[in-house]
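Visitor: Could you take me through one part of this protein up close? I'd like to start at a single loop residue and then see what surrounds it.

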Amino acid sequence: MTPLDPMTSQRPAAEAASGYDAGAFSHHMTGEQGRLRALEKLWDPFTEHSLRRAGVPAAARCLEVGAGAGSVARMLARICPGGHVTATDIDTRFFAELAAEERVTVLSHDVTQDGFPAGSFEVVHARMVLCHLSCPEQVLAAMSQWLVPGGLLLVEDLDLAPADASPHPVMRRGLHVAEQTLEASQGSDLRLGRRLQALVTDAGFDLGGMAVQPVLIGDGGPADEFWRLSFAQLHEFQARNSSPLAGELDAAMSLIDRPDFTDIGMHAVSVWGRKPGGPLSDPSA
C-alpha cells in the first residue's frame, strides 16, 4: 500500500471515503443524524470509561477522527480542560456548531487521504471508523506518525460475531443482511473489532488495555433505538435498489419491541496503546 504522508494532504489512489459517502450510512441518507445520535447514547458511556482508564492527559492536544455527531469531541474537551480538540470527518455537517466553542477546531478531513504534521497530537481517538476503511493498517500507521512519542491511541469498533449464534433466526438473518449491505455498499467490515488488538500492536503501539462490552437488543436500552434506525436506513438503501433483502430487515426490526425478545446484537470493543518512546509511555506519568 502507498503510505500516507503525515506532513501533507497528499492524496494516494485509495477512494475508501468516497465509498462510505455513497453507502447506506452516508451523511446524505435520511435519518443519519438521528442514527448517529442513537449511537452516541449507546456507546458514549463505554467510550468515556475507556478514555479515563487509558489515562488522557488533562492538557492534551486531541484528535477525534470521524467525529460523527460530535459527542466524543465534546467529551474530550471536558476530559482535557487544559487541552485542545481537533474534530474531523469527511462531512462535518452534524457537528459544525462545535467550531464556535473554545478549544475545539472543526476540520473536514479524510483520514485515508489527508495528513497532519508529525507529532501534532498527544491523543488520537477513532470510534466506528476503521471498520469502514479498506486500509485500516495504513491509517493506523499514519495515526502513529501524527502522535508524539508516548502519545495515546484509543480505537473502538464493533464485532458482529454474536449474530452467528443468535437463537432467533429472523434477527440472525437481519443482522447478516445488515452486514452484507454495508460490505457491498461501502466496504465495511463489521467484525473488525475482533482484530482490533492485533491491528494496534501490529502498527507498533505498546498495548495499554482492552475492553469488551456485549450490546443487547430488545431489553429497552439505547441499543434498541440504534438498531431500529440502522435497520430502517439499511431498508431504505435496499429498497432504492429494489432488493428483496429489504423484507429481511423489516422482519428483524419488528422483533425489537416484542416482550419475549432479547438478543446479543454485537460486541463493542475498545483498544488503547502508546506510541513507543517519550515520557507519556511511562504508566506512572
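Guide: Here is a walk that starts at one histidine and moves outward from there. Keep in mind that this is a predicted model. Mean pLDDT for the chain is 89, with 90% of residues at 70 or more.

Let's start with His-109. You'll find it in the loop that runs between strand S3 (104–108) and strand S4 (121–127). Although His-109 sits in a loop, it counts as buried, because its relative accessible area is 6%, and the cut-off for buried is under 20%. Its side chain reaches the backbone oxygen of Asp-114 at 3.1 Å. Leaving out residues up to four places away in sequence, His-109 touches Thr-88, Asp-89, Ile-90, Asp-114, Gly-115, Phe-116 and Trp-146.

Two of those names lead straight to the aromatic residues. Phe-116 and Trp-146, both touched by His-109, form one aromatic cluster together with Phe-121. A search of the whole structure turns up five aromatic pairs. Take Phe-116 and Phe-121: their ring centres are 5.1 Å apart and their planes stand at 85 degrees, so this pair is edge-to-face. Phe-116 and Phe-121 are both buried. For another geometry, look at Trp-227 and Phe-231, a tilted pair with 5.5 Å from centre to centre and 35 degrees between the planes. Both of these residues lie in helix H7 (residues 222–240), four residues apart, or about one turn of the helix. Trp-227 and Phe-231 are buried too.

Now back to S3 and S4, the strands on either side of the His-109 loop. Both are among the elements covering the buried residues of helix H3, along with H2, strand S1 (61–65) and strand S2 (84–89). H3 (residues 71–79) has seven of its nine residues buried, so the helix is largely enclosed by the rest of the structure. The buried ones are Ser-71, Val-72, Ala-73, Met-75, Leu-76, Ala-77 and Ile-79.

H2 deserves a stop of its own. This helix (residues 32–54) bends by about 50 degrees at Trp-43, and Pro-45 follows within four residues. After H2 comes Gly-55, with a positive phi near 85 degrees.

What about the cysteines? Cys-62 is buried, at a relative accessible area of 1%. The closest cysteine sulfur to that of Cys-62 belongs to Cys-80, 3.6 Å away, which is too far for a bond. Cys-135 is buried as well, with 2% relative accessibility. Across the whole structure, the search finds zero disulfides.

One last stop is Gly-278, in the segment after strand S7 (263–274). Gly-278 counts as partly exposed, at 39% relative accessibility. Its C-alpha is 7.7 Å from that of Val-148, which is 130 residues away along the chain. Setting aside neighbours within four places in sequence, Gly-278 is in contact with Pro-149 and Gly-150.

A word of caution about two stretches. Over residues 1–18, pLDDT stays under 50, and the model has 45 contacts beyond four places in sequence for them. Residues 281–285 also stay under 50, with five such contacts. Where pLDDT is low, the predicted coordinates should not be read in detail.

Conventions. Residues numbered from 1 in each chain as written. Predicted model: local features only at pLDDT ≥ 70, side-chain atom pairs only at ≥ 80, totals over all residues. Heavy atoms only, no water. Helix = DSSP H or I, 4+ residues; strand = E, 2+ residues; numbered from the N terminus. Buried < 20%, exposed > 50% of the residue type's maximum accessible area, 1.4 Å probe, protein only. Contact = heavy atoms within 4.5 Å. Polar contact = N/O pair within 3.5 Å; in protein donor to acceptor, adjacent residues only side chain to side chain. Bend = angle between axes of the 7 residues up to and from the residue. pLDDT = per-residue confidence, 0-100. Disulfide = S-S within 2.5 Å. Phe/Tyr/Trp six-rings, centres within 6.5 Å; stacked < 30°, edge-to-face > 60°.
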